[in-house]
Amino acid sequence: MPSNSLSGTKTPRVRRRTALALAASMTAAVAMTACSHNSTDNTDNTDNSASPAPGATRVSADLQKLMSTAPWSSGRWGLQVADLQTGKVVQSKGADSQFMTGSTAKTFAVSAALDVLGDDHRFRTPVVRSGTVSADGRLSGDLILVGSGDLALGGRTTASGGLDVPDFDHYDANAVPGMATITEEDPLAGVNKLARQVAASGVRHVDGDVVIDNRLWDPVSIGGVPVTPTIVNDNLIDVLITPGAPGEPAEVDWRPKTAAFGVDAQVTTTPAGSKPTVTTESVSPGHIRVRGSVPADVKAPFVTTYQVPDPAAFARTVLIEALARNGVSVSAPSLGANPDNKLPPSAEVSSLPVSATYTSPPFKEYAKLINKVSHNLGANLLPPLMAAHNGQRTYADGMKTEKEFLAHSGVDPNSVSLVDAQGLPGDKATPTAQVALLRHLARQDDFDVFYDSMPSMGVDGSLADVIERTDPAAGHIRAKTGTLVSSYQGKLALGTKALAGYIDAKDGRRYAFAIYVNNIPVPSDSVSDAIDLALKANKQLGAMAATIYKSPKA
């Protein structure tokens, strides 16, 4: 597999929190760049300046100034600000033109899933058994873990029953090297709990096999990442690197520890202030090779990750190992492909005796995780989860449900074009559409759940340090970020930078807003320069939101 790291990029240590707004989108975006994906917006492509666009009304002088300076003047801008109570549009520019959404597309998916599943929905992942259990605890058949689409499966569950949501998640460790942190919770916590319950049920040995049942929806992969009903540690192996003194080897550890993967690591320590150059790749099945260097002053542990290529086989192995730790042996080998050919029909599986069940925190915790850190896999689980809830099978079925929800929410179907939930280049929307959704959500009884899922500017998540914590606007803006780096007119570009959400303005009123800028050229073909431009754009849109807080009207 190709390297997952961005070798040679700068480590913006003093900008740790400002890097947060890149979130999950940057990893996928860079992959799109590598594939030379043409992300040119097909609506009004000739309008590549800050001059008024179709559908524009008025923009304050302060906002116009922020859009008009280089390099932002080279991008195509769209925005809308509306009074949440009256619906009156107080600022607007290009509001009826479509823009690439980036991860602001997650607001559409999360709100639809909250409507379909409910904020208190809980994922219940059972382990059932075929065959009979003898008096001495021998199971004559198989143990079957039935995937429920639980993104966390206990690996992030806190003592208080919520989900651990860091400001910059391990899921994006390879997007901006040196920024990510790992959660404190055991990534195998849910698997271990299931294994303990199996042991407590009286099973001591499995004469058959352990099988993962991932048939809740039809197989699908988005952006090269399998979207499966069974997920352990976000289907990642975390590689944790602690530097030594310059010139000395760095210490390399990883989690979760499993026979499914061995790690061959050779990482050196370079002088403080140098660039990290870490790659993680697989040269043969089950073997991860880690090479490169980290600076002596990097925040330890330096986190990089490896994408598990076969989530079902991975889940099967870690479950067999967890069973062994709890006194349950299995005749079948722990390594190898998931033997899904041994599965009975789904209807039969649903009637089998249950040996264990893991029950998740409520879905509102997952909404918070997805929006706060812009979790791509979590977002892409939502369409198939909605489809399964409705008795359907495909990702496309779920996207259709999402679009129907948007139409019922007052969003003009012609104003959005959504092909996935994460926010890849095919996802486009008008500022008018985004604001229409935000206004609709604010009128719902469960609005607080969606509102609380959004990052708070100057406080947490992907907006933690977009503005200073002492800024008067800090804590008064809840919004979702969006970032894509892609190809525009054959060159590397910031395909989109977006921000959409709510502002409790200085005038005492609450406003819904959406800001997009598309297709700002990167000064070079360097991914590092693309990241720097995205970071600056993040600050720029933060400044615009803070400006709206002070003076909402044009």
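**Exercise 1. At what angle do helix α8 and helix α9 pack, and how far apart are their axes?**

Before we start: this is a predicted model, where local features need pLDDT of at least 70, side-chain atom pairs count only at pLDDT 80 or more, and totals for chains, interfaces and linings use all residues. Residues are numbered from 1 along each chain as its sequence is written, and side-chain values use heavy atoms, with hydrogens and water left out.

*Step 1.* Find the helices: α8 covers residues 376-389 and α9 covers residues 395-408. (Helices are DSSP runs of H or I with at least four residues, strands are runs of E with at least two, and both are numbered from the N terminus.)

*Step 2.* Read off the geometry: the angle is about 90 degrees and the axes are 7 Å apart. (Axes are lines fitted to C-alpha atoms, for helices over the stretch in contact, and angles run from 0 to 180 degrees between N-to-C directions.)

*Step 3.* Put a word to it: α8 is therefore roughly perpendicular to α9. (Angles of 65 to 115 degrees count as roughly perpendicular, under 35 as roughly parallel, over 145 as roughly antiparallel, and the rest as oblique.)

*Step 4.* Look at who touches whom, where contact means heavy atoms within 4.5 Å. From α8 come N380, P383, P384, M386 and A387, and they meet Y395, D397, G398, M399, T401 and E402 of α9. Sorted by class, that contact has six nonpolar, three polar and two charged residues. (Ala, Val, Leu, Ile, Met, Phe, Trp, Tyr, Cys and Pro count as nonpolar, Asp, Glu, Lys and Arg as charged, and the others, Gly among them, as polar.)

**Exercise 2. Describe how α3 and α7 are arranged.**

*Step 1.* The axes of α3 (residues 105-117) and α7 (residues 363-373) come within 10 Å and cross at roughly 175 degrees.

*Step 2.* So these two helices, α3 and α7, are roughly antiparallel to each other.

*Step 3.* On the α3 side, the contact uses K106, T107, V110, A113, L114 and L117, while α7 brings F363, A367, I370 and N371. The classes here are seven nonpolar, two polar and one charged.

**Exercise 3. Which parts does the salt bridge between K342 and D209 tie together?**

*Step 1.* Check the pair: the side chains of K342 and D209 meet at 2.9 Å, N to O. (A salt bridge is a side-chain nitrogen of Lys or Arg within 4 Å of a carboxyl oxygen of Asp or Glu.)

*Step 2.* Place the partners: K342 sits in the loop between β17 (329-330) and α6 (346-349), and D209 in the loop between β7 (205-206) and β8 (210-213), so the pair links parts 133 residues apart in sequence.

*Step 3.* For the wider picture, the structure holds 17 salt bridges.

**Exercise 4. Track down the unusual backbone spots.**

*Step 1.* A70 and P71 are joined by a cis peptide bond, with omega about 0 degrees. P71 is in the loop between α2 (61-68) and β1 (76-83).

*Step 2.* From A300 to P301 the peptide bond is cis, with omega near -5 degrees. P301 belongs to the loop between β15 (287-295) and β16 (302-307).
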